[in-house]
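Reader: I have a structure to look at and do not know how to read its features. Could you take me through some of them?

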2 protein chains.
Amino acid sequence: MKKFLRLLFTAFSFLLPAALMAQQQEKLDTAMISRIKKEGFDNSQVMNILSMLTDVHGPRLTNSPGYRKAADYAKATLESWGVQNVHFDTWNEEFGTGWELKKFSLQTLSPVYFPVIAYPKAWTPGIKGPVQAEAVYLDIKKEEDLAKYKGKLKGKIVLFSLPTPVKPGFVPDATRLVDSVLLQMANSGPTEAFTGRRFQGAQEPQRLAYLKWDLLQKEGAIAVLEASPASRLEDGTLTVAAATVPYPAEVPNEKRARAYSANVPKILPQVVVAAEHYNRMVRQLQNGQAVKLELTLETAFTPAAPGFNVIGEIPGTDLKDEVVMIGAHLDSWHSGTGTTDNAAGSCVMLEAMRILKSLGASPRRTIRIALWGGEEQGLLGSRNYVKRTFGSRLDKSYPYDSLRLTPAAEKFSVYFNMDNGTGKYRGVYMQGNEAARTPLRLWLKPFEKLGASTLTLRNTSGTDHLSFDALGLPAFQFIQDPIEYGTRTHHTSMDLFDKAVEPDLKHNAVMTAAFAWQAANREEKFPRK
Amino acid sequence: MKKFLRLLFTAFSFLLPAALMAQQQEKLDTAMISRIKKEGFDNSQVMNILSMLTDVHGPRLTNSPGYRKAADYAKATLESWGVQNVHFDTWNEEFGTGWELKKFSLQTLSPVYFPVIAYPKAWTPGIKGPVQAEAVYLDIKKEEDLAKYKGKLKGKIVLFSLPTPVKPGFVPDATRLVDSVLLQMANSGPTEAFTGRRFQGAQEPQRLAYLKWDLLQKEGAIAVLEASPASRLEDGTLTVAAATVPYPAEVPNEKRARAYSANVPKILPQVVVAAEHYNRMVRQLQNGQAVKLELTLETAFTPAAPGFNVIGEIPGTDLKDEVVMIGAHLDSWHSGTGTTDNAAGSCVMLEAMRILKSLGASPRRTIRIALWGGEEQGLLGSRNYVKRTFGSRLDKSYPYDSLRLTPAAEKFSVYFNMDNGTGKYRGVYMQGNEAARTPLRLWLKPFEKLGASTLTLRNTSGTDHLSFDALGLPAFQFIQDPIEYGTRTHHTSMDLFDKAVEPDLKHNAVMTAAFAWQAANREEKFPRK
């Protein structure tokens with residue numbers, strides 16, 4: 001549209017219905033999107049980037065040496081492409097200690113030798129060793145059961161949890177979203193979140209759990225084994241997160257130190273064991289066999305420090321003070337290499353920046369990439385960034401009537417996040433923002449034939465777009481095919497490079513680049529709720 | 001039928017068509033089958049037996065201490081039930097050495113630490129250690145590639161195989177036979193074997209493989225890592241069998257020493273690595289990183305000796321010289337506990353004997369249980385037993401015109417074997433023996449409503465019934481639901497107790513006991529081909 005026509009149109013636009021106006025305002029840069037597709041599909045670097053983030057620098061537990069190395073790699077890589085203002089965005093608050101595993105091995109020496117499939121929990125202390133010790137199964141189902149272990153746990157390795165039931169896998173690990181599910185999402189209202197299938201944590205009453213931990217500490221147990229919690233399929237796959245810091249039920253959540261806190265109380269070494277091997281030990285004990293274990297567990301802590309994110313920009317032109325953001329969390333859990341959670345998102349965002357830079361893209365608005373730390377500990381990196389940059393909300397209840405926004409928030413357009421595994425983008429969660437429909441519908445058009453065409457008003461939760469959404473800033477997650485995310489790779493020892501699906505990651509990088517480009521060159525900032 | 005009527009019937013039976021006669025001759029002992037069902041479903045010991053064979057005495061590699069302990073347990077258990085003539089049936093030929101793993105751990109020390117999911121091959125030698133060594137990936141796809149590794153393998157741990165491609169699991173691990181498959185089997189001729197899904201071994205040309213092994217030996221590599229071969233689903237599951245003894249392609253199979261032979265040449269330590277971890281190391285190397293490993297591998301060998309089977313009997317009464325046999329192989333591979341292959345079959349056979357003894361069963365023919373050794377090395381235990389007991393065939397071509405049978409073979413009735421995992425019996429492979437249809441059809445009747453009703457003329461192969469079948473002796477495998485046998489547990493590190501399906505094993509034990517009872521009390525011995 002020529003400038004004169006645009007002025008004319010603007011002058012009379014109050015006569016047009018709002019939606020129609022919005023639609024007419026929206027333009028698709030088909031030439032640029034074709035170039036993005038060509039670059040992203042023909043010259044993709046996404047798997048190379050992924051391999052560096054996972055095989056070489058993974059896992060990337062927040063503030064660990066692996067996280068630092070991955071951040072260094074991401075920074076250097078962005079700079080090598082000509083991305084500007086690349087820096088570590090250090091939080092203005094402490095995160096805690098970094099941690100890494102230096103050496104680990106668990107072996108059953110008797111009644112029959114076998115190397116145990118197991119992995120230590122993050123931030124567990126090590127143990128001077130290798131130590132050999134008998135295993136005791138803590139068969140405590142109610143408080144009265146505690147007494148029978150008095151005097152029997154000193155120097156023992158304790159099998160702490162109940163066995164995890166294992167079932168044959170009659171349902172496939174991997175799925176793609178079928179039309180009926182997508183239709184349900186398309187026809188859904190704003191509140192219903194599509195949660196996918198996630199593992200079920202232990203359902204033990206908190207009070208009893210604390211009494212058990214307390215017993216172990218008082219009696220002098222030397223280490224704790226827990227069965228990997230029941231996910232849908234086991235097969236030796238371990239689900240491992242942070243070490244438990246036991247607190248009585250009455251201590252409120254915010255008063256509890258986390259395992260990574262600088263001031264964490266002394267806790268017992270904690271190891272998660274594959275369900276099949278844990279159950280085997282329990283049955284050996286129940287068959288009257290003495291189970292003798294050998295545990296090697298060396299861990300290292302780095303000094304407590306603030307966390308940091310990685311930020312970089314493609315500076316805008318006439319609207320350079322306004323910003324479009326894309327991002328994903330760089331940190332991960334530690335028993336795999338954090339491939340689908342969330343090197344996948346990180347490599348897609350990096351590759352989107354590479355595509356744009358390699359095309360010499362010069363957007364109107366600034367396009368900013370953010371790779372967050374501390375997501376796994378509660379979206380810490382994005383929350384801290386958003387608070388420092390865009391403001392905060394004094395009252396957590398909706399609507400946003402207690403917002404204290406910075407001027408930067410007024411210049412903010414939109415944020416796109418990826419954090420649902422390796423699966424292909426199939427559309428966008430609109431987070432209840434009906435105004436987002438018109439631009440998103442148009443931007444999806446070049447990807448409809450590739451299977452990405454669904455818009456849902458539903459919210460989706462659990463990751464970094466929430467830090468923006470909490471302030472009413474437009475921030476979205478894509479709808480993704482689940483592949484094996486909820487069943488096999490999420491927080492597990494199988495979250496490894498080979499679980500990534502190459503065509504899906506290429507598709508996502510191309511779509512992210514296209515959406516960032518469209519948002520950066522739109523007449524208006526992205527519409528808010 | 002009263003005795004007089006039976007005599008009368010026999011006298012005029014030549015007037016009746018054969019099939020009709022057979023049908024009239026066949027009787028179902030419904031009272032006894034009800035008692036068997038009640039005992040087997042209400043008082044089952046099958047999971048306890050399974051736990052002892054797997055959790056406590058597994059794995060049971062032929063001639064290993066585990067095999068010996070499991071055999072001791074089976075013998076003592078049979079005796080405790082009052083089964084008679086329980087003994088170790090020692091082969092009249094050498095098997096070779098027993099082997100067991102004493103200690104194993106493989107760790108990647110750099111570029112980033114991780115404990116590697118891996119398991120040594122059976123009969124691999126150990127290594128004085130722990131040793132730390134660099135990894136070299138042997139990227140040899142054709143003979144000319146060999147030269148580039150000259151002088152570069154000394155003291156190295158060699159990644160020997162190509163990476164194993166890993167795909168998301170869009171197909172479930174576990175299945176049951178659906179009607180369409182059963183119908184196909186029911187309508188099938190005798191020759192087509194239902195093979196199920198088995199893993200694909202490496203497809204490398206034999207000549208090149210030998211040249212690679214030879215290079216490693218000559219250059220002084222210290223250990224060999226191979227990726228777990230591609231099965232349908234990986235997820236860290238290892239498929240592990242015996243160590244490779246390399247021979248040039250021109251050396252015929254029968255001239256090659258096996259890894260368990262007393263006279264095996266010196267071979268390199270060999271370890272199978274989970275595909276995802278193996279591929280990771282290859283990518284690390286290809287990314288220009290030095291990969292440093294630490295390997296601990298202690299193994300122990302027992303002196304070479306003949307193998308042995310476990311045999312026991314419920315003596316018959318008026319036809320006690322005639323014998324009905326049930327059996328399964330007791331030996332297993334070693335990276336799991338040999339649960340579905342084949343403690344499942346062994347515990348079903350033991351439980352069938354328990355059921356019969358607990359009911360005070362006094363069969364007309366002797367019912368004999370056999371738990372075989374050496375099945376995994378080529379049906380060695382059953383072949384040796386059959387040869388000693390029933391005779392041999394001088395010419396391996398069909399028909400059986402070169403049989404040299406013993407008098408015992410004339411007294412032999414039928415053998416039932418189980419060796420297709422934990423899955424429920426759904427019918428019987430008739431091995432091309434049409435004459436088997438009438439009795440088997442009748443014996444299936446009490447199990448039709450439980451899902452076992454299909455007879456197929458097809459042969460099924462790969463296990464111990466073949467040793468009998470080769471002499472024309474009636475010997476059958478049951479059709480079983482696959483569950484996760486071909487996809488997850490067969491010869492893998494996941495062949496563990498939790499993969500057993502309790503209701504299926506109970507069902508199989510009950511059916512085995514009923515079939516043995518029917519065969520033992522039939523008027524005639526079981527009809528032959």
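Author: What follows goes through confidence, helix packing, a salt bridge and some backbone details. The model is predicted, so that local features need pLDDT of at least 70 and side-chain atom pairs count only at pLDDT 80 or more, while totals for chains, interfaces and linings use all residues. Residues are numbered from 1 along each chain as its sequence is written, chains are lettered from A and ligands numbered from 1 in the order in which they are written, and side-chain values use heavy atoms, with hydrogens and water left out.

Reader: What pLDDT does chain A average?

Author: pLDDT is the predictor's confidence in each residue, from 0 to 100. Chain A averages 92, and 91% of its residues score at least 70. Over residues 194-203 of chain A the pLDDT is below 50, and this stretch has 25 contacts (heavy atoms within 4.5 Å) beyond near neighbours in sequence. For the model, ipTM is 0.93 and pTM is 0.93.

Reader: How are two packed helices described?

Author: By the angle between their axes and the distance between the axes. Axes are lines fitted to C-alpha atoms, for helices over the stretch in contact, and angles run from 0 to 180 degrees between N-to-C directions. Helices (H or I, at least four residues) and strands (E, at least two) are DSSP runs, numbered from the N terminus. Here helix α3 (residues 30-42) of chain A packs on α15(A) at about 150°, with the axes 9 Å apart. That makes α3(A) roughly antiparallel to α15(A); angles under 35 degrees count as roughly parallel, over 145 as roughly antiparallel, 65 to 115 as roughly perpendicular and the rest as oblique.

Reader: Which residues of α3(A) and α15(A) meet?

Author: From α3(A) come Met32(A), Ile33(A), Ile36(A), Lys37(A), Gly40(A) and Phe41(A), and they meet residues of α15(A) including Val510(A), Ala514(A) and Trp517(A). The contact divides into eight nonpolar, three polar and two charged residues. Ala, Val, Leu, Ile, Met, Phe, Trp, Tyr, Cys and Pro count as nonpolar, Asp, Glu, Lys and Arg as charged, and the others, Gly among them, as polar.

Reader: At what angle do α12 and α15 of chain A pack?

Author: Helix α12 (residues 437-444) and helix α15 (residues 502-521) pack at about 135°, with axes 10 Å apart. That makes α12(A) oblique to α15(A). Leu440(A), Trp443(A) and Leu444(A) of α12(A) make the contact with Met511(A), Phe515(A), Gln518(A) and Ala519(A) of α15(A). Six of these residues are nonpolar, one is polar and none is charged.

Reader: How many salt bridges are there over all chains?

Author: A salt bridge is a side-chain nitrogen of Lys or Arg within 4 Å of a carboxyl oxygen of Asp or Glu. By this rule the count is 60 over all chains. One of them joins Lys103(B) and Glu294(A), at 2.5 Å from N to O. This pair crosses between chains, with Lys103(B) in strand β1 (residues 84-110) of chain B and Glu294(A) in strand β8 (residues 292-314) of chain A.

Reader: Is the peptide bond from Gly58(B) to Pro59(B) cis or trans?

Author: That bond is cis, with omega near -5°. Pro59(B) is in the loop between α4 (46-56) and α5 (65-80) of chain B.
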